[in-house]
Every structure is written in C-alpha cells, then in structure tokens.
Amino acid sequence: MIQPAPDRDARVGEPPGHRDRPSGHVVVPGALDLTHNVILYLEDISVSFDGFRALNRLSLAIDAGELRAIIGPNGAGKTTMMDVITGKTRPDEGKAFFGQTLDLTRLTEPQIAHAGIGRKFQKPTVFEHHTVFENLELALKADKRVRRTLFARLADDERDRIAAVLARVRLAAEADRLAGLLSHGQKQWLEIAMLLVQEPRLLLLDEPVAGMTDEETERTAELFVSLAGTHSLVVVEHDMSFVAALGGKVTVLHEGAVLAEGDLATVQADERVIEVYLGR
Amino acid sequence: MRTPLTLRLFAGMPRSAQVALALFALAAWGWVPFAHLALAPEHALHLSAYWVSLLGKILCYMVLAVALDLIWGYAGILSLGHGLFFALGGYAFGMYLMRGIGRDGSYQSDLPDFMVFLDWKELPWYWAGSDSFLWALFLAMALPGAVAFVFGWFAFRSRIKGVYFSIITQALTYAAMLLFFRNETGFGGNNGFTDFKRILGYPITAPETRVALFALSAALLVAALVLGRYLVTSRFGRVLAAIRDAESRVMFIGYNPLHYKLFVWTLSAVLCGLAGALYVPQVGIINPSEMSPANSIEIAIWVAVGGRGTLVGAVVGAGLVNLAKSWFTVSFPEYWPFVLGFLFVAVTLFLPDGVVGLVRRLTRRVAGDAASRGEGGTFGASAGSPAHPAAAPPGPARALAGAAPATAAGAVADADASTGEGAIGAERPIAPAARALPGAYAAQSLETRDERANGPAVTSPAIATKGVQP
C-alpha cells in the first residue's frame, strides 16, 4: 500500500529531511523514527528463567501518542516485558523495536534511556538520600557522561524545567526534603517527575498508583491523560477503576502472551479474560 | 563570577572546615619545621626526627584513607586491596631511590645491591628510566592507576559488587604480594628496597629533607581533601551516591555506572600511589608486606573508625588508629591485633557512623533541641549542613524502627528492603536527617510531616508491605 507523503508531515519526532522523499527516507542513526506511527513493536518475544517461560511469543505494538493499559494476573509477564523493553533482560528470541529502526535487544540500559524510553518501577525507586530537587537534577535530560557531569552546573532554564515539573506533580513544597522522607504516594509522583524531566518519548509505568490514596490515584490518571498525545504511555496496573479512568486501549496478558486487546468494556466481557481472572 | 577554581573550592567550604584547614596548614608548614629545625634538641618543644617521620607517615596514611573513603563512603565500593596501589606507588618511587644510592651500596656497584647479590649483570628493562625523578613520579601515579583501571574495567563491567568485589580485591593484593616476594621479579624479594641515601641529590636523612617530605605529605593531604570535596559536592558526586543507593535506577535515567565507578576507582588508586611515593622516603623501606591483605583491611578500619562518607572522618580515623598503634606496638606489641579486632567489632556495633558521626550527633543534640520546633527549613538545615545529605554518616536505622510509630517504621522497612543486597558494600546511611535528631523526636517528626503532606498516615501499612515485596 502506498501512502501519500504529505500525511506524515504533522507527526512529531521524524528525522529531519525525509519529507521530500515519498519513496523512502534517510535513516538517522540513533534517532527515533516514527514513520509508520508505531513507537514500540514487540514480535514473538520469549524469555525463560530456569525453564519457566515468563514471556511466550509475546507480540505487541504501541502507536505514537497512545495511552495503553496492560493488565493481567500475577506472573503474566508484565514486569518481564518492561525488563525486555528497557534492556534489563535480553529475550531468548523475538524482535523488539523502538520506532522503526532502534533494535532494543542490542542496546544497553543507558542507551535505551537516552533513546527516549523512561521507566517507573513497581516499587518506587527514588534516591532516598538525595533531596527531591537533586533527584530531578540527576534525572534531567543532559549529557550524562563523566567528564560533563564533573563540571555540570544547573542552567536557569534547567531550574525552570525542574520547577515546572515539580509544580505539575505537586511536590514544589517538598523540593528540599530528602526523598526518603516522602510518603509513598509522593515517592511515586517523584519517580514520575523524574521520568518527565528526562523528556522521554515512551513512558513505561509499572503499577504507578499502588499505595496511593483515591484522590492521588485520580490526579495521577488526569496527569497521564494529559501526557498522552505528546508522549506514549504504557501503564501496567491492577486497579480497574484507574484503568477505566485512563480510557485508552487495554491489553490483557496471561502466561506471557497477549490474551485479549481492546477497550476496557470489550476486554471485561471477554470469556477467556473472565476465566483467567476468576478461575473456573 | 569568574573566580579561579581553587578559590571557589575554598570559599564553598563551611567555616569550620576553613578554620581547620588553616590551623592544619599553620601546624604542618609552620610549627613542625620550626620545632624540628630551629629549636635545639634540648628544648622542651623540640620535635624529634622520630616524631616528624611518624607524623609524615601518618599523613600518607590519611591520604590513603581519604582515597578509600571516596570509593567506599560515596560509591559504596569496599576495596580491601588498597594497600596494593599504595605499595605500587611506593615501589615505583623506590626504584628511583635505589638508583639514587649509586655506588654507595655495600658492593660499590652501579646496580642496586640485591641485583649484585643475585648476580645480575644489568638492569631489567622495566628499570629503564628509573634514575629520573620525574619518570618515577609519573610511574608512581600511572602504575597504580593502570592496574586499577584494568582491574576495575573487568570487575565493574561484570557488575561485581559488594562482598564479592571486596574478596577479589583481597585476592588481588595477596597475589601481588606473592609476586613481589620472588627474587626473580626484580624488586628485591622479601627485603624490598631500603638503605636509601639521597633524593634529588639531598641526603635523605637530613632534617631539612625530612621536613620537606613532611610538608609535601601535608600538601598532598590538603589537595586530596579539596579534590575529594569538590567531587562529592558536584553533580558527579551525587551520581556516585545515587549509584551506591540504587544502581539500576541510575542506569534507567541514562547514566552508565561503569564509567563513573571506573573514574573514581582509578582516581582513588592514583591518590594511593602518590601517598605511597611520599611514604617510602620517609620510612626508608618498602617491601612486599605492604601488600599483605591485613594491611588493606586496616585501611578500611581507619575509615570505619573515623566515619565513612565524610572525608574528614577518614583523616580522623587514620590519625587516631595509627597514633594508638604506634603507642601499642611500643608498649604492648603482642596485643595490637586484638585491639584492632576489638575496634572493628566495637565500631560496627556501637559507632556505625564513626567518631565524626558521634561528634556530629552530640553537637546536633544540643543544637537540634533548640531548632526542633521549627518547620521544614530547620529540618533541611540540620540534615544538610555537612555539605550534602549524602555526606551524612551511616546510622542505626533499626534503633529507629523499634521506637517509632507505624509511619516511621514503614519508611525504614522500605529503605531497608531497598538496601538489602550486598552485605558490606551496600550498607549505607539511612534517613540521616531523622537520625540527626534524638530518637523520639525523629519518629514524631516523620509522622507529623507525613500527615502534613498527605493527610493522616493511612498509607503506612501499604508501605510496610510494599517494602518486602521483591
């Protein structure tokens, strides 16, 4: 199928200089290529740990700007999938691409982070002995090589960016506190803020609202919905009301493979999903 | 705003550190030379050669301790093989001192005595250039640096951490010791290098030379402290502390921990090498026993006694333990190993944040009571005053958990779970701010703060259970 070239102009993040070439474009090494509007593409990913198949020919595609929720019972492979995407675990087989060109199975964790994938862990991991502000300073999109970091000083616009993100996650008043002293929900938010200052294109969020109060959960859903469009988000969550509040497409994982996909109502009506969740 | 870097470094220090540095400079470059050279030996304040050499030697040990604190206290990497880098620096410079003997040795040969004894006819290739002072100085930095770089590259790339790393460093220094014990290695076997005559043409036993070496050691210590402080208060230092606390998180925000560890590890080894180069002419001997595993463990004890992650603690610890050692080995030599073992146990049990931590806790108990009723601002001030929160010494988290209400206990359980891996190396400061205050207040303050920020502390059970999840 041949697509008319001008259609792609509206999209963000395309490598420069390929709009005039309807029949192909220059591949810019290291740059995210969203030509076909797919930001993340997993095909037949399998991972085994000592004979246990954590992922079993998992295939998944996330569109640019999409907000996707992933649900599934414990052991369905949700966290392993995130490990594969962020380079922590290498798949035994299968393909994992970020955009059209970046092969995630060949990049290291820091390289993947630089390419534009940010990850929030299931258990909030912030730097407990650094202040909230310092946590964000470290996460800030910057040249993260040793010789730059040795002499790095925060520029005014960087401070402004940190301040803006702090205000967005309502942590401005806590900027000078040690992150270890924050409440659980605040730590979750701090970690989300750390993702935001990294300016990733794709955010992977593993149970972002675990341990949050209802009000915090609601505000988090609002935040994610407002991020969709400019960012792509993959949210792993158990809380169904939260998934409903996100309002996007839902993927159900079971035993390391995709069981069902669609909007929440469709998925919840699916016989196999009910069976997996409720048992026979 | 364009002030020279060195000035900025000093200006950025707390007042107490500036005063201490000034006093130290006055003592090292003013009082010691005066008391040793100008005062007659009969004078009550005369400083004997024994004392100048002993203090100079301890200054070198202090540099060694600062070097270890940089990687142990801030990057969480416990090396039990730092004596190797120290000895390598000493050997590299010792080669120059051996050549400096010239034909004044027992055999009146151009070759060092031990080579004549082994019936060698010419210098081995790796002794080339050893008659040059500058080359020796370069070698004293480059050799430990290169060994550390290669070893560190393999170890950190394989993500070896914690106890495993410590054990491998022990093995490394032990292997090197065995190598240097061999006569064929060409470094004097188990006798090592000794009987030095001169350095840069000056007689090595002259009082002036001794004082100059002492003053240089003091300068090296100041330089190491200033450099160390710059590093740990820069963003680089914050990345290091972040690697210590949550290495995988650091990777996922785009830093490569390998490069950071390797840099500070190699730098630490270079510092050790320089300290070794200054140590050898002052004590007049270098032999393979400097590489014995026990020596390297002792360095870790100095740092632990002083308080790790503080830089100044390393200096204090090295000073205290070595002064005690000098006294003990003269008065009750056979009991020193027991004292050392006791120190290790006692510090681990009762002084987890070392002497410096104890002093800080005591001074804060006095100051903290007055400030304790203030709001967040005082909190930050009391916790962050020693330059940086991460610089605060490690502390007894469990003591807190016992007395504290649910919220504080939850927070501590959380922190504990995250620090669970890698026994020795991974031990680290926990909630320094809370510890800075008397126990009951700390617990109370944690709770009220959570309430203020977050409504009643309903999340605490969730935190506690969350903390033990894998």
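Analyst: Two residues are in contact if their C-beta atoms, placed from the backbone, lie within 7 Å. This is a predicted model, in which local features need pLDDT of at least 70 and side-chain atom pairs count only at pLDDT 80 or more, while totals for chains, interfaces and linings use all residues. Residues are numbered from 1 along each chain as its sequence is written, and chains are lettered from A in the order written.

User: What covers the buried residues of α9(B) in chain A?

Analyst: Helix α9 of chain B (a DSSP run of H or I, at least four residues) spans residues 235–245. Eleven of its eleven residues are buried (20 or more other C-beta atoms within 10 Å), so α9(B) is largely enclosed by the rest of the structure. The cover includes α3, α8, α10 and α11 of chain B and, from chain A, α3 (132–139) and α4 (146–149).

User: Which residues of α11(B) do V239(B), L240(B) and I243(B) meet?

Analyst: These three residues lie in α9(B), and each of them is buried. Their partners in α11(B) are P257(B), Y260(B), K261(B) and V264(B).

User: At what angle do α9(B) and α11(B) pack?

Analyst: The axes of α9(B) and α11(B) are 10 Å apart. The two helices are roughly perpendicular (65 to 115 degrees) to each other. Their packing angle is about 110°.

User: How far apart are the C-alpha atoms of V339(B) and A324(B)?

Analyst: V339(B) sits in helix α14 (residues 336–350) of chain B and has 15 C-beta neighbours inside 10 Å, so V339(B) counts as partly exposed (between the buried cut-off and the exposed one, 12 or fewer). A324(B) is 15 residues away along the chain, and the C-alpha separation is 9.5 Å.

Terms used. Axes are lines fitted to C-alpha atoms, for helices over the stretch in contact, and angles run from 0 to 180 degrees between N-to-C directions. Angles under 35 degrees count as roughly parallel, over 145 as roughly antiparallel, 65 to 115 as roughly perpendicular and the rest as oblique.
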